[in-house]
Every structure is written in structure tokens, then in C-alpha cells.
Amino acid sequence: MELGLIGLGKMGGNMRERIRRAGHTVVGYDRNPELADVHSLQELVDGLKGPRVVWVMVPAGAATQSTVDELAELLEPGDVVVDGGNSRWTDDEKHAGELAAKGIGFVDCGVSGGVWGLENGYALMYGGDAEHVARVQPVFDALKPEGDFGAVHAGKVGAGHFAKMVHNGIEYAMMQAYAEGWELLEKVDSVTDVREVFRSWQEGTVIRSWLLDLAVNALDEDEHLDRLRGFAQDSGEGRWTVEAAIDNAVPLPAITASLFARFASRQDDSPQMKMIAALRNQFGGHAVEKK
């Protein structure tokens with residue numbers, strides 16, 4: 001099938017390549033002309049045969065809103081827009097309503113995979129009407145990991161980004177647990193090789209995971225994380241997860257504490273946050289602050 005893809009950064013650029021490897025045509029637009037196949041949204045829309053599918057991979061908030069607004073004027077009834085960024089689920093409901101008024105379908109899709117997705121595939125959580133999801137299904141199939149799992153039609157519009165938000169909240173808590181354990185091991189005199197303790201956990205333990213593998217990668221590059229400052233940013237989805245928990249009276253003590261720990265990292269040079277920063281850099285290519 002043909003796909004228009006808007007936003008060709010770390011995620012979008014690799015997604016374009018993976019979709020093309022599956023045999024589909026991708027017309028990509030980015031504000032950076034060196035990355036783009038076309039040089040305007042008008043040119044992108046004109047380059048696709050109707051009914052069109054256009055996938056948006058731009059930052060949440062104003063950038064996504066302005067892109068949806070422009071597409072609403074360029075696309076035609078029967079076309080479908082996919083928001084694959086990290087938008088808040090409440091924005092999805094708004095965008096779906098705005099596009100539906102013009103006969104344009106909308107699907108929200110949470111995407112996980114970071115800088116490793118090109119080779120390993122992307123975990124996908126999408127929401128929307130079944131007819132609109134079916135139009136995008138060949139692209140979902142191209143992006144997902146091999147095998148029976150890794151993609152889900154999570155429910156109605158907004159369900160995809162809500163599921164991805166909860167995924168990221170769980171991610172916060174898992175990273176925090178590894179970071180706290182690492183700091184404690186580093187603190188005591190009796191443990192003389194913390195990196196190899198972490199490595200030993202990669203096989204046969206109940207805490208083995210891809211995040212643990214990435215922690216070992218980070219320690220191989222910088223055994224005591226001496227080159228990192230103990231500062232870790234938050235993308236916003238941890239905050240949204242906690243807010244949704246409050247709205248629904250669901251207790252999330254571990255996820256909430258992990259979010260607050262990141263806030264604490266902005267006040268002190270936290271050893272735990274060195275590990276959080278290292279893990280975020282490993283799986284997502286997120287920037288780290290050097291000493």
C-alpha cells in the first residue's frame with residue numbers, strides 16, 4: 001500500500017525504512033529537507049492515490065494539532081489519519097471529532113521500540129473504529145515484531161495512546177527498581193563487581209528483561225557510570241499516568257514514586273538517576289547530561 005509519513009526523526013525515519021523493506025511505498029515529509037521525500041504537506045497529499053492513509057510522527061501538543069489542522073484542509077472524505085506520536089489520549093478524541101466532521105477517519109497508535117525498532121520491530125497499541133484500523137493494517141503488520149504478539153487493537157479512539165501511556169508508567173517503575181538496586185550494590189564494600197552481578201541476572205532469574213540487558217550494555221560502556229550526571233528527564237507520559245490514576249481512584253504507588261524520583265534528580269546529582277539516564281539513552285537514544 002501507499003503511506004504518507006510526516007516526521008522523519010529518530011523514530012519516523014527508521015519506521016519509513018522498515019515499512020519500505022516490507023514492500024510498501026512511503027512518501028515522507030519532514031521540516032528538514034535533507035530527510036524529506038517531498039517538501040510540503042500539499043505535495044505529500046498530492047503524491048498519494050486516494051483513499052489515502054497519512055501517519056503523523058511529530059511531537060505531542062501544538063505540533064500535532066497544527067499538523068492535524070492542516071491535513072483536515074488537504075485530505076478528502078474517506079482518507080485516514082494515524083497519530084503515532086505520544087499524544088495524550090484526550091487529544092485523540094478531539095482530533096477524531098475534528099476530522100470526522102470532514103469525513104476523514106482517525107486512528108491513534110502508541111509506538112514503542114525506540115532506536116532498536118528498525119531491526120526488532122515496534123510494539124503497537126492502536127485505537128479507533130475497526131474500518132479505519134483495517135485500512136492501516138498492512139502498515140501495522142510491517143512495523144510489528146515477527147511472531148504472534150507485539151500489536152493490539154486496544155479499543156476505541158484514545159485507547160492506543162492510553163495503553164502506551166500506562167506502558168511508559170510501568171517502564172518508569174521498572175527502571176527505578178533497577179537503579180535503586182544498582183546504587184545499593186555500588187554502596188557496600190562487600191560487593192566488588194556490580195557490573196557482573198547485573199550480568200549474572202540476565203539468565204535464570206525472575207528479573208531478567210530487555211531493560212536489564214540494556215543496563216548491562218550501559219555498564220559495559222561506563223562501568224560505574226562516572227561519566228554521567230545523575231539527572232533524568234521525564235517525557236510527560238509518567239505524569240499523565242499518575243493524573244489518570246487520580247481521576248480513576250486507582251493506586252499507583254510504585255509508578256508515582258518513580259516519577260517523583262526523577263523530580264528529585266533535578267535537585268541533586270543522584271546516583272540512581274545515572275542508571276535511569278543510561279537506560280533511557282540505551283533504548284531510546286534520549287540525550288544524557290555529561291559531567
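**Note on a predicted model: surface patch, loop contact and cores**

1. Trp116 is partly exposed, with a relative accessible area of 34% (buried means under 20%, exposed over 50%, partly exposed in between, using a 1.4 Å probe and protein chains only). Trp116 lies in the loop between strand S5 (105-112) and helix H5 (117-120); helices (H or I, at least four residues) and strands (E, at least two) are DSSP runs numbered from the N terminus.

2. This is a predicted model, in which local features need pLDDT of at least 70, side-chain atom pairs count only at pLDDT 80 or more, and totals for chains, interfaces and linings use all residues. Residues are numbered from 1 along each chain as its sequence is written, and side-chain values use heavy atoms, leaving out hydrogens and water.

3. Thr205 is placed in the loop between helix H8 (194-200) and helix H9 (210-221). Thr205 is buried, at a relative accessible area of 19%. The Thr205 side chain reaches the backbone oxygen of Trp201 at 2.7 Å.

4. The largest nonpolar core (buried Ala, Val, Leu, Ile, Met, Phe, Trp, Tyr and Cys residues joined through side-chain atoms within 4.5 Å) has 24 residues. Those with the most contacts inside this core are Trp182, Phe198, Leu225, Met275 and Leu279. Two or more residues each come from helix H7 (159-187), H8, H9 and helix H12 (271-284), and H9 gives the most, with seven residues.

5. Not counting residues up to four places away in sequence, Met275 touches Ala179, Trp182, Phe198, Ala215, Leu219 and Leu225 (contact means heavy atoms within 4.5 Å).

6. A second, separate core has 23 residues, including Leu5, Val82, Val107 and Phe140.

Definitions and conventions:
A polar contact is a pair of N or O atoms within 3.5 Å; within protein, one must be able to donate a hydrogen and the other to accept it, and residues adjacent in sequence count only if both atoms are side-chain atoms.
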